[in-house]
Amino acid sequence: MTTPPVMPAPVHTRATTGHFSLTASTIIRAEGTALNVAHYLADSLRPATGFALTVNEAGTPPVGAPPAISLTIGDTALPRPGYRLTITAAHIDLRADDAAHLFTGVQSLRQLLPPAIEACTLQPGPWLIPAMEIRDYPRFSYRGAMLDVARHFFSVADIKRYLDRMALLKLNVLHLHLTDDQGWRLHIDSWPNLTAFGATTAVGGGAGGFYSKADYSEIVDYAANRYITIVPEIDVPGHTNAALAAYPELNTDGTAPAPYTGIEVGFSSLGINSPVTYQFLDDVFREVSELTPGPYLHLGGDESLATSETDYLEFIRRAAQLAAQYGKTLIGWHEMGRSHDLPEGTHGQYWSYVTPREDADKRVASFIDQGGRMIMSPADAIYLDMKYTTGDTLGLEWADGPTTLHDAYHWDPATIVPGIGDEHILGVEAPLWTETIDNLPDLEYMAFPRIIAAAEIAWSPREAHDWAGFIQRLADWAPRLDAAEITYNRVPEVSWPEVSEES
Ligand code: TNX
C-alpha cells in the first residue's frame, strides 16, 4: 500500500482490507481517564462531520450495537509506552499505555480520515478510514516547540491555536520564552512594574502585552487538555533589559536603562553582586513555580555577554539554587553548562550547530556529568525563525544562512555531540524566535512545513526517516493543511498539488 499520510511516520504500519465508515451512529467507548480523550475525539470530529457522536462508558457492546471506536488504556506490550490502532470495517480499537499516548493515537486516527475532517465548517463526507494496524511509540519523550512571546507578544488565542497545531503533530511540550530585553510578558504580583512598565514595548516599538496569571493558567489548562506541558522560561542574567528598565534597583549602577526595541543581544545583565537581585529572582521563581503544574522551569542563561565569567558562574550557582527550592527540574541553554554547581539533574538545551562550535560539546558533557539530559535544538536545522531562502522578508540567517526543509529533515539528535546518544537525550525542541514575526499567519508560515520535519525527528525511529516518503506525505497533506487553515510555505522540495480555484 502507499504509506498512510500519518505524521510523524509511525514505527510500524500494516495495511489490511476494507474501510471503517464513520457515521452519525458510530459510538465512542471509553472509561476512566480514557473518557477525556474520547470526548476530545468526539469534539474534534464534530465541526466537519456535524455528528454529535455518543461517548459511552466501555463494556461489552450489545449484539447488533452500531460500529464503535473503543479507546482503552492498558498494557500494549510495546517496547516503550505508545499506542496500537487497529482499524477494520467493523470497528476501531485504539489501545495505549496511558492517556497521553492514547491522545497521540487519536491524532493518527484523525489523520487517516479525509483531509476535510480538519475543516471547521460542515463538509459532505463520506468519512471512510482505511483498514490497517499501527503500532507506534515515540523515540523521545520530550517533543517540544518554543515560542518567543517577548520580542513580539502573542495573544492567548494565538497560543491556543499553536497548541492545536502541536497536538496534531504529537508534540507534547510548549516552552514559552516569557522574558527578554524587549518585554516581560508574565504578571508577577510582587514586582508589578515588570508588566506595568516592562511589557509595554516590543521589537520595532509595537504595543507589547502580557499574560495575567489567569491568562497563563488558561494556556496551561488548554495545553493540559491536549497532554502538552508548558515550560516557562525566565531568561537571566542577560536578556533582561525589560526588567532592568522597570526596576532601577536591579541595575549595578542603580539607574534604569531606556526600554529596548532593537534586535541586538548580549548587552544587558542583572546586578550580579547585589542582594536585591536574588530577592527578585526568589519572588519570580516562586510565583512562576506556583502557577506552573509542569515539572520544569527554564532559566535561560544564554548569551550573557555583558556578564564576566566569574560573575556568571556565581550568578548561575545562586539563581539555580533559588529556583530549585520550588521543586522544579531546571533547564538552561547550553551555556549554563559552564557552571559545575548546577542542581543535580538540571537539563541543558543545545542550540549550537549540527556540528558543535565554541565548546558547545563541553557544555553538553557538563550537564550529563551533573546528572541531566539534553534537549536538542541545533540552530542550523531546527530554528524555525531562520529564513527558508536568502531574500525572504521574514526571518534571520545568522545560523549559517537559510534553513531549507531539506536541512530541517537531514540531521539526527544522537550524532551531534560524540558520545551523546539517545540515552542522554531527553528530546528535541523547535524554537521560534520572533524578532521579525508579529502575527500568527507569519508565525505559521515560518513553522510549516519545517515543524513537521522536527516532529518526525522527535517521534519516529531513525530507520523510519525517509526523505522521499516524507515529501510525498507532505504533498498528500496539502489539502489537510488547507482545510485546517494553516498558513505554510510551499517550499520547492515538495511537489505540492495545484491550488484549486476556490481556495
Ligand atoms: C539566539 S539561541 C538567541 C535568541 C535570538 C535567536 C534568534 C538563543 C538561546 N538565543 O536570543 O532570538 O538567536 O535566532
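Trainee: What makes S14 and S15 a pair, and in which sense do they run?

Mentor: S14 and S15 run parallel and are joined by three bridges. Two strands pair if DSSP finds at least two bridges between them. Three bridges satisfy that rule, so the strands count as paired. This is a predicted model, with residues numbered from 1 along each chain as its sequence is written. Local features need pLDDT of at least 70, side-chain atom pairs count only at pLDDT 80 or more, totals for chains, interfaces and linings use all residues, and side-chain values use heavy atoms, without hydrogens and water.

Trainee: Which residue in S15 is the bridge partner of Ile331?

Mentor: His347. On to the next pair: S15 and S16 are parallel over three bridges. There, Gly348 stands opposite Met374 in S16.

Trainee: What makes S15 a strand at all?

Mentor: Strands are DSSP runs of E, at least two residues long; helices are runs of H or I of at least four; both are numbered from the N terminus. S15 covers 347-350.

Trainee: Which residues cover the two faces of S15?

Mentor: His347 and Gln349 lie on one side, Gly348 and Tyr350 on the other, and all are buried. Buried means under 20% relative accessible area, exposed means over 50%, and partly exposed is in between (1.4 Å probe, protein chains only).

Trainee: Why is Met376 in S16 called buried or exposed?

Mentor: Its relative accessible area is 0%, so Met376 is buried. Met376 is in contact (heavy atoms within 4.5 Å) with residues including Tyr350, Trp411, Pro413 and Ile425, leaving aside neighbours within four places in sequence. Ser352 is 24 residues from Met376 in sequence and 9.1 Å away in space, C-alpha to C-alpha.

Trainee: Where does S16 pair with S17?

Mentor: Ile375 stands opposite Gly427 in S17. Three bridges join these parallel strands, residues 374-376 and 425-432.

Trainee: In what order do the eight strands of the barrel run?

Mentor: The order is S8-S9-S12-S13-S14-S15-S16-S17, with parallel pairing, and the strands close into a barrel. Neighbouring strands are turned by 30° against each other on average, direction ignored. Axes are lines fitted to C-alpha atoms, for helices over the stretch in contact, and angles run from 0 to 180 degrees between N-to-C directions. Helix H9 (360-369) lies across S14, S15 and S16, at about 160° to S15.

Trainee: What makes S1 and S3 edge strands in the open sheet?

Mentor: The sheet has seven strands in the order S1-S7-S5-S6-S4-S2-S3, with mixed pairing. S1 (12-22) and S3 (54-57) each pair on one side only. Neighbouring strands here are turned by 20° on average, direction ignored. Helix H1 (34-49) packs on this sheet, touching S1, S2, S3, S4 and S7, and makes about 165° with S2.

Trainee: How do you know that the length of H1 agrees with the expected span?

Mentor: The expected span is 1.5 Å times one less than the number of residues. H1 has 16 residues and should span 22 Å; its end C-alpha atoms are 22 Å apart, so the two agree. Gly50 follows H1, with a positive phi near 80°.

Trainee: Why is H2 called largely enclosed?

Mentor: Of its 14 residues, 13 are buried, so the rest of the structure largely encloses H2. H2 (99-112) reaches 20 Å, close to the 20 Å expected.

Trainee: Which residues touch the most other members of the largest nonpolar core?

Mentor: Tyr162 and Leu174, in a core of 149 residues. H1 gives the most to this core, with nine residues. Domain 1 (12-136) and domain 2 (142-462) both contribute, so the core lies between them. Apart from this core lies another, of 10 residues, among them Met146, Trp351, Tyr353 and Met386. A nonpolar core is a set of buried Ala, Val, Leu, Ile, Met, Phe, Trp, Tyr and Cys residues joined through side-chain atoms within 4.5 Å.

Trainee: How many residues does each domain bring to the contact?

Mentor: The bounds come from an automatic or database domain assignment. The domain centres, taken over C-alpha atoms, are 36 Å apart. The contact takes 15 residues from domain 1 and eight from domain 2.
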